[in-house]
Amino acid sequence: MKAFIVEGVTLGEDSYTKHQQIADLIDSKNTRFHEREDGSIVLLSETMPEGSKYTAVGMSYSKGEILSFSIRACVSKRSGDKEIPITNMTEIVNWITRKARENGFVINFFDNIEGPCVRDVTKPGFVFKISTVDFAGNLTVLDKDLFDRALRTGIGRKKAFGCGVLCVTRSTDV
């Protein structure tokens with residue numbers, strides 16, 4: 001997947017509408033997106049966005065490199081066939097720490113943790129809830145291949161609803 005920053009697109013209020021609009025923008029259901037505070041959208045997609053102002057982005061990094069990160073994650077666990085939101089802050093931090101290890105990096109510190117925030121997703125015929133947490137901080141790359149995969153495919157569940165896109169930049173906190 002490639003990363004694009006798209007500007008000038010106004011998304012709907014609810015997560016399902018956003019999911020549909022993103023899918024229509026690039027004519028694909030296999031897309032991950034992250035809304036940024038500046039109003040732009042980070043897309044992970046095989047297809048370039050059409051009819052929008054976008055910038056293709058990429059970054060090289062190496063094992064041991066320190067980067068700043070942000071991610072909106074659906075922090076949950078499975079219990080049988082049900083998905084249970086994690087709401088305890090210690091369990092939330094344990095969840096993202098475990099996901100970091102599984103994806104080739106370690107979190108050095110958090111600048112911010114916001115949430116959990118429970119959001120209703122209205123899909124034709126039913127409504128379901130997702131619980132999201134926004135994380136920002138500083139990480140160190142431990143395994144370039146696993147980290148590459150995390151950047152390409154995202155982390156955690158509910159990626160189609162704006163969760164799981166790991167956004168990284170060069171760290172100024174080195």
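## The main nonpolar core

In this predicted model, the largest nonpolar core has 23 residues, and Phe-135, Phe-147 and Leu-166 touch the most other members. Several elements give two or more residues to this core: strand 5 (66-74), helix 2 (89-102), strand 8 (105-123), strand 9 (126-141) and helix 3 (144-153).

Let's look at Leu-166 in more detail. Leaving aside residues up to four places away in sequence, Leu-166 touches Phe-69, Ser-70, Ile-71, Phe-105, Phe-147, Ala-150, Leu-151 and Ile-155. One of these partners, Phe-147, is itself among the three residues that touch the most other core members.

## A second core

There is also a separate core of 6 residues, and its members include Cys-74, Phe-128, Ile-130 and Cys-163.

## A closer look at Thr-140

Is Thr-140, a residue of strand 9, buried or exposed? Its relative accessible area is 13%, so Thr-140 counts as buried, the cut-off being under 20%.

What does the side chain of Thr-140 make a polar contact with? The partner is the side chain of Asn-108, at 2.8 Å. Asn-108 also appears among the residues that Thr-140 touches, together with Gly-64, Glu-65, Ile-66, Gly-104, Phe-105 and Val-106; residues up to four places away in sequence are not counted here.

## How confident is the prediction?

Which parts of the chain have the highest and lowest confidence? Helix 2 is highest, at a mean of 96, while strand 4 (residues 53-57) is lowest, at 59. Across the chain, the mean pLDDT is 79, with 64% of residues reaching 70 or more.

How values were computed
Residues are numbered from 1 along each chain as its sequence is written. This is a predicted model: local features need pLDDT of at least 70, side-chain atom pairs count only at pLDDT 80 or more; totals for chains, interfaces and linings use all residues. Side-chain values use heavy atoms; hydrogens and water are left out. A nonpolar core is a set of buried Ala, Val, Leu, Ile, Met, Phe, Trp, Tyr and Cys residues joined through side-chain atoms within 4.5 Å. Buried means under 20% relative accessible area, exposed over 50%, partly exposed in between (1.4 Å probe, protein chains only). Helices (H or I, at least four residues) and strands (E, at least two) are DSSP runs, numbered from the N terminus. Contact means heavy atoms within 4.5 Å. pLDDT is the predictor's confidence in each residue, from 0 to 100. A polar contact is a pair of N or O atoms within 3.5 Å; within protein, one must be able to donate a hydrogen and the other to accept it, and residues adjacent in sequence count only if both atoms are side-chain atoms.
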